[in-house]
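Biologist: I am new to this one, and I would love a close look at a single part. Could you bring it up for me?

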Amino acid sequence: MEKQRPSRGNGKNMDLWRGMEELTTPAAPHGQENEPAGAGGPLSEPLDRRSALKLMGASIALAGMTACGRLPQESLVPYVNRPEEVIPGRPLWFATTLDSDGYGCGVLAKSNTGRPTFLEGNPDHPASLGAMDPRLQGQVLGLYDPDRSQSVLAGGEVAPWESFTDLIRQIRPVWEARHGRGLALLTPSVSSPTLAAQIADLQKRYAEARWYSYDPIDRSAAAAGAQQVFGRPLDTHYDFSSARVILSLDSDLFAEEPGHLRYARQLAHGRRVTGGSAQDMTRLYVVESTTTITGANADHRQAVRASAVEAAARGLAARLGLSVAPGSSTVPSSWLDAVASDLRRHPGKCAVAAGYSQPPAVHALAQLINYQLGAFGTTVRHTEPINAQGAGGLSDLVAAMEAGEVAVLVMLDCNPVYDAPANLDFDRHLDRVGLRVHLGLYADETAARSHWHLPMAHALESWGDARAFDGTASLVQPLIAPLYNGSTPTELVSVLAGGGKGARGRDLVRAQWQGAHGAGSFDARWRESLAAGVVSGSAAPLVRPHPRTSAAQHLSAPAASAGGLELQLRPDPWLWDGRYANNGWLQELPRPLSKLSWGNAALIGPATAKSLGLKSGDLVALTLGDRALSAPVWVQPGEPRDTVTLNLGYGRRRAGAVGNGIGVDAYRLRTTQSHWQATGLALKREGAGPAPISTQLHDTMEGRDFVRATTVAQIRSGAQVVPPQKPTPSIYPVREVEGPAWGMVIDLSTCIGCMACVAACQNENNTPVVGPADVARSRAMHWIRVDRYYQGSPDAPRTLFQPVPCMQCEQAPCEYVCPVGATVHSQDGLNDMVYNRCIGTRFCSQNCPYKVRRFNWRDYRQAGFPPSPEVENPNVTVRGRGVMEKCTYCLQRIREAQIRAGRERRSLAEGEVQTACQRACPTRAIQFGDLHAKDSAVARAKQHPLNYVLLPELGTLPRTSYLARVTDPNPEIGT
Amino acid sequence: MADRLLVVAALPSADALARAFEAAWRAGHQRLEALSPYPVAGLPGEPLHRGFGRALLVAVLVAGAAFIVQYYAAVWAYPMNVSGKPVDAWAPLTPAAGVLGLMGAGIWALVAMLRDAGLPRLHHPVFDARRVDFGDDRCYVLAIEVKESELPQLRPWLEGLGAEEIQEVRP
Amino acid sequence: MSQIFKPRANDISRALLITLGLLIVVTLAAVETMVLLPYVTMVGMVAKTTRAGITPEQPLPFSHKHHVSEVGLDCRYCHTSVEDSSFAGIPPSHTCMTCHSQFLSTVPMLGELRASLTENKPIHWKQVASVPGYVYFDHSIHIAKGVGCETCHGHIETMPLTRQAHAFEMEFCLDCHRDPAPHLRPRETVTQMDWQPPKNRRALGEQLMAKYGVKTAGLTSCSTCHR
Amino acid sequence: MSAAPGGAGARVAAVALSAPRPWPWTLAALASVVLLCAYVSSVLVLFRNGIGIFGNNIPVGWGFPIINVAWWIDVGHGALLIAAGAALAGDCWPAVSRLSESVALFAGAVGGSFAILHTGRPQYAYFLFTYPNPLDQWPQWRSPLMWDFFAIIAFLVLALIVWLVGMLPDLAVLRDRAAGHGRQIFYGILALGWRGSHRQWAAWTRARRLLAGISVPLMVTSTGVSALDFAGGISAGYHSTMTPVDAVPAAIASAAGLVLAAIVILRRTFALHDLIPVDELETLGRVLLGSALAVGFFALYEGYMTWYGANAFDRYRQSQTLTGAFAPWYWTWIALMVALPLLLAWQRFRRSPWLLGVLGMLVNIGAWLYHYLVIVTTQERGFMTSSWSGFVPTTWDWLLLSGSVGVFLSLLFLQVRLLPVLGVYALRAAAAPGRSHG
């Protein structure tokens with residue numbers, strides 16, 4: 001048994017993160033055995049509270065006049081022998097690690113009676129700092145995905161694991177004899193020390209065995225760039241905590257770079273307006289080739305074609321005294337001058353970041369500029385490569401396959417048949433491989449072409465470890481026994497290496513760290529790392545490289561930017577390379593800028609659209625060389641001229657019931673030469689198709705002042721952004737309430753529009769997935785939405801984000817119009833929504849000026865995209881058909897905290913209640929708390945001179961308010 | 001009262017009916033009834049204003065009751081904070097009370113009519129008379145209840161009033 | 001023209017008309033009783049809507065009467081999490097065996113129990129006292145504020161087979177949430193089934209409210225129990 | 001006018017008892033029954049699948065169902081007022097009285113049904129009733145919907161009473177003209193043994209006047225209350241003090257239109273030209289003209305107030321309505337409900353039955369559009385531009401709308417088939433030789 005460790009004031013006093021092994025009775029498949037009652041969840045008996053509720057929800061008129069009818073006869077299923085730490089009805093928290101774009105990210109997983117139901121960032125993990133992003137959040141739903149591969153498939157037929165292990169046992173002597181000739185391993189780049197070590201051993205064992213690695217979203221350009229500058233590949237990461245000026249060269253620092261959550265926190269630190277004083281801000285310049293939230297948050301943004309970024313970089317380098325051949329840049333030189341001087345003004349306090357989609361040259365230039373500006377070691381850090389990679393890439397593998405050198409191909413946790421570049425023709429070459437083995441979460445496209453498909457265990461089911469972007473290692477521990485008898489890559493490799501039936505994942509990981517830590521105090525450290533969710537002091541040592549002299553001259557000559565249309569491929573913000581395609585939450589979650597849901601589209605700028613005579617919804621044929629693809633058009637303000645941007649990850653054929661056939665498969669236009677972008681794209685209009693589905697159909701504020709924005713300069717000049725709001729007169733006396741008064745303040749200066757709050761809310765509050773048809777009918781269910789407005793010219797717009805939860809108005813328009821009193825005010829100022837009283841007249845929603853109320857038009861439990869009931873929060877009612885719902889300020893968290901405090905006979909502490917959106921927010925833009933507690937952060941924020949409420953003229957007295965958005969543009973650049 | 005008879009006299013016109021009724025009344029017949037296919041001017045009837053006052057009273061009573069129920073429920077039974085308005089804000093309680101009051105008056109009007117018209121009365125001796133036929137546009141009938149003994153002199157008298165046909169029916 | 005109806009039709013028609021009027025009143029009254037009955041009584045018919053008073057068939061004939069009033073076990077011996085969780089807790093088979101491994105260790109009546117331990121299969125008890133799914137009742141806070149087990153569960157120590165003592169209608173909860181004073185008792189006596197309230201229980205209750213920090217202000221807000 | 005061969009009683013009774021059914025009548029009756037089935041089936045689907053089958057969304061939470069409520073209920077209200085007017089004016093318009101009484105009841109019933117059908121959980125609609133219960137829960141009286149709930153009930157009860165009382169003497173006519181014993185009993189029971197004694201007539205006349213007197217305030221309150229369902233809200237286009245007032249003339253106009261159409265068709269199908277004089281139609285035409293003028297005035301007034309009120313949101317909505325996205329709806333409404341009825345200023349048109357009939361129907365289409373403007377377009381352009389969205393009706397929306405027409409027509413046809421379609425007593429009174437009406 002491993003000792004628990006008190007949490008470090010992370011606002012969860014009741015819970016201790018634990019080592020999984022404390023649960024001496026691990027949850028059996030479907031966890032029936034240890035399913036105490038009350039907590040419910042369809043994992044337990046047929047008729048528990050939740051399903052009883054579902055019945056009600058399903059609007060079955062039940063006997064009796066009190067809308068509750070006969071209560072279903074429930075079963076109470078106690079433990080046979082309860083583990084000590086488990087208190088029935090109370091959740092446990094475990095620290096573990098999830099994969100975030102190839103690197104580890106620490107999370108805290110909430111386990112209700114053996115079921116992981118909710119994820120939060122691990123405050124102690126460098127890559128998370130307690131924050132989340134939607135891709136991470138979605139993985140808890142992925143765990144319960146019924147479409148996950150559930151059994152070993154031999155030639156498509158269900159087979160037992162033994163049949164596979166036996167096969168390997170038979171083959172192994174051959175490998176032994178031939179030193180593994182003909183054995184090839186294909187993996188993504190490996191962030192797990194254990195797996196890396198195992199593969200290394202495997203290669204020691206079979207000298208001729210080959211290890212190839214392929215990442216659809218590969219960052220090799222960065223390494224290549226470093227190679228050019230330093231003569232060796234180095235990983236680069238940043239520390240913006242002390243940065244004053246940041247320039248991004250097509251790098252989506254705050255959404256896609258490893259460590260984006262940390263970067264976002266650091267940026268926010270430099271941009272948060274504390275008090276009325278207008279101190280200087282961390283200034284953000286962005287040169288980018290598509291619309292990203294990084295660009296949306298920039299003080300100055302330049303949208304150029306991807307191929308033109310290098311020219312800008314060269315221009316900048318030249319201005320900073322580097323001897324490089326300047327290219328012809330589309331970025332105005334005055335702009336570059338201003339940026340250069342601004343950078344020069346902050347030596348060592350500035351950073352230039354290059355995006356993974358840019359060629360090595362740009363990365364090299366960025367390194368040189370950073371060196372020039374003395375940023376190395378302060379804002380820009382270098383480590384030896386964190387992730388282990390195979391000797392060869394996918395092309396090498398294909399070559400080998402073509403040469404018939406691959407007899408056995410083992411594909412771990414990858415899906416090349418779907419995501420390999422089209423020109424490699426991977427699919428066809430597979431035929432030449434004698435034995436094809438695939439380990440994956442889904443029986444996907446690749447599984448279909450493999451002789452053996454092996455189900456992989458989900459991260460929340462497995463033992464393992466992973467390194468974060470800065471090398472910090474953390475352990476992966478299972479919260480639940482594998483639902484579908486899956487196995488981990490480490491376990492599989494140990495099978496290949498001859499570990500008999502293969503060692504247990506836990507032993508492999510322990511063995512690995514035993515080696516690392518040394519036997520001495522191992523157990524203590526092991527427990528400590530499990531409890532903390534990080535292996536202390538495991539960050540990779542920093543290196544202080546020096547560029548080779550005259551590295552600049554060695555740069556390849558600037559590529560002459562060809563004319564015509566340019567195609568640009570980017571990972572989808574949520575589906576990433578397609579691995580999350582079967583995740584209902586992520587499919588439905590609106591993309592940060594386009595607000596597109598359930599599908600991708602060819603994004604083109606308004607200018608391009610005009611010149612091509614296209615409008616959103618048109619169907620176009622995109623032709624690149626001999627490859628063609630027809631996709632719907634979406635006119636996206638801010639896209640650079642003559643560029644068509646497509647998101648990867650869609651058009652899956654074997655993703656599962658949710659993801660199949662959603663969107664178009666951009667990989668079909670991808671080649672090894674044009675990995676990220678290609679020139680010479682031909683575009684032809686094919687007519688009007690079904691319009692892409694978007695959750696926000698109107699882009700501007702029509703002169704209404706929802707988002708109030710100002711600049712540091714204006715504040716200094718004493719300009720008044722937020723006129724003092726005098727209380728709106730009312731014929732009624734104002735109600736004075738005792739006890740807490742919950743309120744929320746959202747800081748628009750630091751909100752980066754990353755959508756983490758929306759995803760976390762959906763996870764916490766059992767918000768259903770309504771499916772494409774209903775989203776298209778404007779019936780999306782998210783309780784908090786992030787409105788996105790554009791200002792200025794459509795081609796270079798200013799982007800404004802505004803998260804909108806329920807305003808919890810003190811004089812709520814929704815309440816007085818409800819004929820049955822289903823929505824009334826609670827003592828502590830919450831606008832209660834009583835589902836079981838609601839008859840669905842929808843007048844409340846009609847009368848809500850903020851339109852934050854959501855209605856269950858269908859029984860989304862049955863129809864559309866039934867979510868996995870196992871993931872439901874047992875403390876939040878599952879709403880049935882015909883019932884109104886909305887944000888509750890995470891009522892369940894408030895009440896649980898109050899009950900806990902009441903039990904301990906104390907008053908609530910500041911920050912003891914945190915809403916799901918608040919916890920998830922990477923930039924801590926959301927503050928929540930008791931307005932009556934004068935010292936509370938939220939109470940102070942309400943006094944902030946930039947504090948304002950939406951539509952004050954309506955006199956609704958919202959409890960949710962905003963801090964006006966403040967930016968700090970460079971006066972040298974005319975905005 | 002075997003010796004009592006119902007004499008039914010059919011008259012040619014509404015005016016004739018009115019006149020006959022007048023005369024019979026003068027002649028001291030108390031138990032008599034004039035049947036006509038439409039309200040005939042000149043026949044006795046209750047003044048129209050009677051009942052309006054009562055209808056008003058009913059309306060006020062019902063409305064008051066409705067208001068009290070609402071006030072009880074909203075203020076005493078389970079006071080709720082609705083849109084931050086005072087629980088005892090009374091104005092919103094009036095519309096429902098008002099319409100219900102009018103409804104009450106309407107129901108009272110119906111009941112009062114049935115009572116005063118002595119309806120329903122599906123069986124009535126006059127229906128035995130041949131000329132009592134509401135389907136006929138011109139069924140102007142005077143029915144007088146008399147002793148059998150009075151019959152002989154009544155007949156000629158009625159004929160004198162222009163009765164086209166006279167028929168006796170037993171109650 | 002001739003009579004259509006017999007004389008008695010008059011009385012019949014009048015009777016019918018009056019019945020029609022009465023019918024409306026009667027239906028409303030009937031509905032009313034149907035609604036109120038479950039609360040005021042506990043007859044079997046009513047149990048259909050609220051389950052008050054019904055005794056579900058249990059896998060084992062467990063007798064609270066025996067274990068509480070005869071053996072004298074405290075509620076918390078088995079319902080361990082009642083003080084610090086929303087859920088009072090059903091004892092794991094292991095707990096039962098702490099005693100029953102010693103005596104009655106062979107009686108066939110407890111075969112199921114022994115089997116559960118040997119085969120590591122839990123016993124599926126039928127829930128007796130339950131509230132609708134949209135009601136979020138938390139045992140721990142009620143214990144902490146001095147609400148006796150008996151207040152909701154009735155005199156469990158007299159029940160050979162356990163039944164739901166009250167109809168958990170909203171009014172039942174509101175009674176106490178509106179005016180807790182006459183329902184509270186000192187915390188240490190919460191599990192005492194034979195606790196005798198003092199003469200002036202309200203006075204005691206008011207002291208306790210002050211002591212335990214019971215504030216009635218928010219207690220009748222919908223979101224206190226419904227989420 | 002002189003009594004027709006066989007007399008008024010005979011003629012009217014014949015329509016219900018023994019009139020030959022001309023083929024247009026049969027055809028129309030069949031059509032209405034088909035629509036009735038459409039209504040029933042789509043209601044069944046509605047209960048099975050929930051209101052998701054409608055086009056409603058957020059922001060347009062109320063779509064066709066509420067339009068149907070408002071539209072039908074308003075027709076009913078207007079009809080009740082016309083009936084009351086006719087009664088107070090001395091009961092000398094047999095066709096207008098009887099048909100407006102029927103329309104009031106039938107339209108009201110159809111509209112009322114939608115008030116329940118549109119809710120998300122109709123099976124819990126009884127929460128609206130006021131009854132003590134173990135939940136200690138009561139309705140929420142501040143909600144205009146609550147007021148409307150009672151207003152509709154009160155209106156339906158009164159409409160039913162007016163309709164029954166009005167037919168009582170005529171049912172006696174049918175009773176005494178019915179052939180078979182069964183029919184005699186049927187009508188006999190309905191007639192309650194009416195024999196037209198001077199006492200009965202007195203009580204009846206008083207009740208008629210009394211009910212008419214009650215109908216007028218009830219109609220105005222009830223119309224106003226159902227308009228408050230919107231005026232009580234805060235969104236631009238709802239929140240207008242005048243809405244409850246200008247709803248009244250609109251209601252009268254559409255009711256007059258519908259009643260006119262009904263009378264004209266009836267008159268033609270059963271050749272009742274002599275019983276329904278053109279003067280009677282002309283009177284109703286005058287009513288239509290007057291109310292249409294009032295509607296026009298209020299439209300101007302609303303435009304002026306919006307401009308004068310200088311509320312940015314309201315002004316934006318107005319610009320959208322007058323010249324923007326919703327202009328087509330708006331101007332069609334003006335054309336149908338204000339412009340066209342102006343024709344009736346000329347007596348030539350007022351006295352042309354077929355024109356009155358067509359006009360009557362067009363006015364009602366206009367009335368429907370008016371409610372569409374209030375209920376749908378205002379919400380499509382609410383306060384938060386980020387929530388702006390469109391509304392696309394579904395097949396079920398259309399089916400239920402046409403179905404509601406079917407229900408209404410079926411009821412009307414039943415009335416014609418079984419019950420007196422004209423006030424016989426009034427015809428007789430008018431036909432009586434040398435009788436000055438009083």
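Which residues of chain D do ring pairs link into a cluster?

Modeller: Happy to help! This is a predicted model, in which local features need pLDDT of at least 70, side-chain atom pairs count only at pLDDT 80 or more, and totals for chains, interfaces and linings use all residues. Residues are numbered from 1 along each chain as its sequence is written, chains are lettered from A and ligands numbered from 1 in the order in which they are written, and side-chain values use heavy atoms, with hydrogens and water left out.

Now to your cluster: ring pairs join Phe64(D), Trp329(D), Trp368(D), Tyr372(D), Phe391(D) and Trp398(D). Rings of Phe, Tyr and Trp (its six-membered ring) pair if their centres lie within 6.5 Å; planes under 30 degrees apart count as stacked, over 60 as edge-to-face and the rest as tilted. Over all chains, that rule gives 62 aromatic pairs. One of them joins Trp201(D) and Trp204(D) edge-to-face, with 5.3 Å from centre to centre and 85° between the planes. Both of these Trp residues belong to helix α7 (residues 198-231) of chain D, 3 residues apart, or about one turn of the helix; helices are DSSP runs of H or I, at least four residues, numbered from the N terminus. Trp201(D) and Trp204(D) are both buried, meaning under 20% relative accessible area with a 1.4 Å probe, protein chains only.

Chain D also meets chain A: 55 residues of chain D are in contact with 58 residues of chain A, where contact means heavy atoms within 4.5 Å.

Conventions: Helix = DSSP H or I, 4+ residues; strand = E, 2+ residues; numbered from the N terminus. Buried < 20%, exposed > 50% of the residue type's maximum accessible area, 1.4 Å probe, protein only.
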